[in-house]
Amino acid sequence: MIDKRTRLFLAGGAVGTPLFFAVALAQIPAADGFELGPHMISQLAAGELGWIQVAGFTVTGVLFLLTAVGVRRTLTDGPGRTWLHRLVAVFGAGLIAAGVLVADPAAGFPVGAAAETTWHGIGHGVAAMVSGIALAGATLVLARRDLAQGRRARAAVGIAVTLVYLVLPYVYPPEMGTLFALGSAVAWSWLAASALRLATRPAPVVVARPRHA
């Protein structure tokens, strides 16, 4: 039986995903010069209220780290038992790093800020890239697990989610910020929902060995 604490850990991503996007979208009206299209959500961290976006990244990353702990405790058999929790952990840690390492000003935001390349801006890009690779890897591992267990339709959806996440932002470059946010929301939600499904797994059947006289 999965204990209560593990269930709470598995729900971390399900809480963090809507929280992150709600916090980000709520900032846009107050962010002078910001447009979700030419700009990326992470650029909000460079604005006057940047600490809010940094907090959004950090809290969400911590929640996904808790999800990774829940996955490690729960997924003890079959495909994914070795790598899924590690990939989720790298994803969560990458979100934290992407928040702490603030993105550089770009494409006219923040208004009046000179576009420049800084060490923390480079670090933000690296952290975001590593986090994205880990996320794509996690969704593919989930698809492989579903396929191995005969859930072909779910595996197909998982592969489609991965492709949407990786390809959608480049379909129409002028709206890359919007498309990247949409693709991320889809992939994060799929990962979070998959973790929640683990909380409903039946307890493993333990067969007692016969005792010899």
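R154 is found in helix α6, and in this predicted model it offers a convenient place from which to begin reading the structure. With a relative accessible area of 19%, R154 counts as buried, because the limit for that word is set at under 20%. Leaving aside its neighbours within four places in sequence, R154 is in contact with D146, W190, S194 and R197. R154 can also be compared with T139, since the two residues are 15 places apart along the sequence, while their C-alpha atoms lie 11 Å apart in space.

One of those contacts deserves a second look, for R154 forms a salt bridge with D146, in which the closest N and O atoms are 3.4 Å apart. D146 has another partner as well, namely R151, and in that salt bridge the closest N and O atoms are 3.0 Å apart. D146, R151 and R154 are thus linked in a network of salt bridges, and the count for the protein comes to two salt bridges. How exposed or buried are the other two members of the network? D146 has a relative accessibility of 5% and counts as buried, whereas R151, at 30%, counts as partly exposed.

From this network the reader may step back to the whole chain. The protein has seven helices and zero strands, so that, because every element is a helix, the order from the N terminus on is written α-α-α-α-α-α-α. Taken along the principal axes, the C-alpha atoms fill a box of roughly 85 × 30 × 30 Å. Of the 213 residues of the protein, 43% count as buried, and the surface that the protein exposes is about 11,400 Å², of which carbon and sulfur atoms supply 68%. Among contacts between residues at least 6 apart in sequence, 71% join residues at least 24 apart. The charges can be described in a similar overall way: there are 16 positive and 9 negative charges, and the mean positions of these two groups are 29 Å apart.

Helix α6 comes up again when the surface is examined. A nonpolar surface patch of about 660 Å² is made by L140, I159, L163, L166, V167, V171 and Y172. Which helix gives the largest share of this patch? That helix is α6, residues 152-167, from which four residues of the patch come. I159, one of the residues that make the patch, is found in helix α6 and, at 43% relative accessibility, counts as partly exposed.

Helix α5, which covers residues 119-148, is where A136 is found. A136 is buried, with a relative accessible area of 8%, and, not counting residues up to four places away in sequence, A136 touches T162 and L166. The second of these, L166, is also among the residues that make the nonpolar patch. Another pair to locate in the model is A136 and S194, which are 58 residues apart in sequence and 14 Å apart in space, counted from C-alpha to C-alpha; S194 has already been named among the contacts of R154.

Towards the N terminus, the place of Q53 is in helix α3, which runs over residues 50-74. Why does Q53 count as buried? Its relative accessible area is 1%, and the word applies because this value is under 20%. The residues that Q53 touches, again without those up to four places away in sequence, are F20, A24, Q27, I41, S42, L44 and A45.

The last stop is the loop between α4 and α5, where the backbone has two details to find. A107 has its place in this loop, and its phi is near 55°, a positive value in a residue other than glycine. At 57% relative accessibility, A107 counts as exposed, because the limit for that word is over 50%. P110 has its place in the loop between α4, residues 84-100, and α5. What kind of peptide bond joins F109 and P110? The bond is cis, with an omega of about -5°.

Definitions and conventions
Residues are numbered from 1 along each chain as its sequence is written. This is a predicted model: local features need pLDDT of at least 70, side-chain atom pairs count only at pLDDT 80 or more; totals for chains, interfaces and linings use all residues. Side-chain values use heavy atoms; hydrogens and water are left out. Buried means under 20% relative accessible area, exposed over 50%, partly exposed in between (1.4 Å probe, protein chains only). Contact means heavy atoms within 4.5 Å. Accessible areas come from the Shrake-Rupley method with a 1.4 Å probe; for residues, only the protein chains shown count as cover. Lys and Arg count as positive and Asp and Glu as negative; His and the chain ends are not counted. The place of a charge is taken as NZ of Lys, CZ of Arg, CG of Asp or CD of Glu. Patches are made of residues with over 30% relative accessible area and no salt bridge: like charges are joined within 9 Å, nonpolar side chains (Val, Leu, Ile, Met, Phe, Trp, Tyr) within 5 Å. A salt bridge is a side-chain nitrogen of Lys or Arg within 4 Å of a carboxyl oxygen of Asp or Glu.
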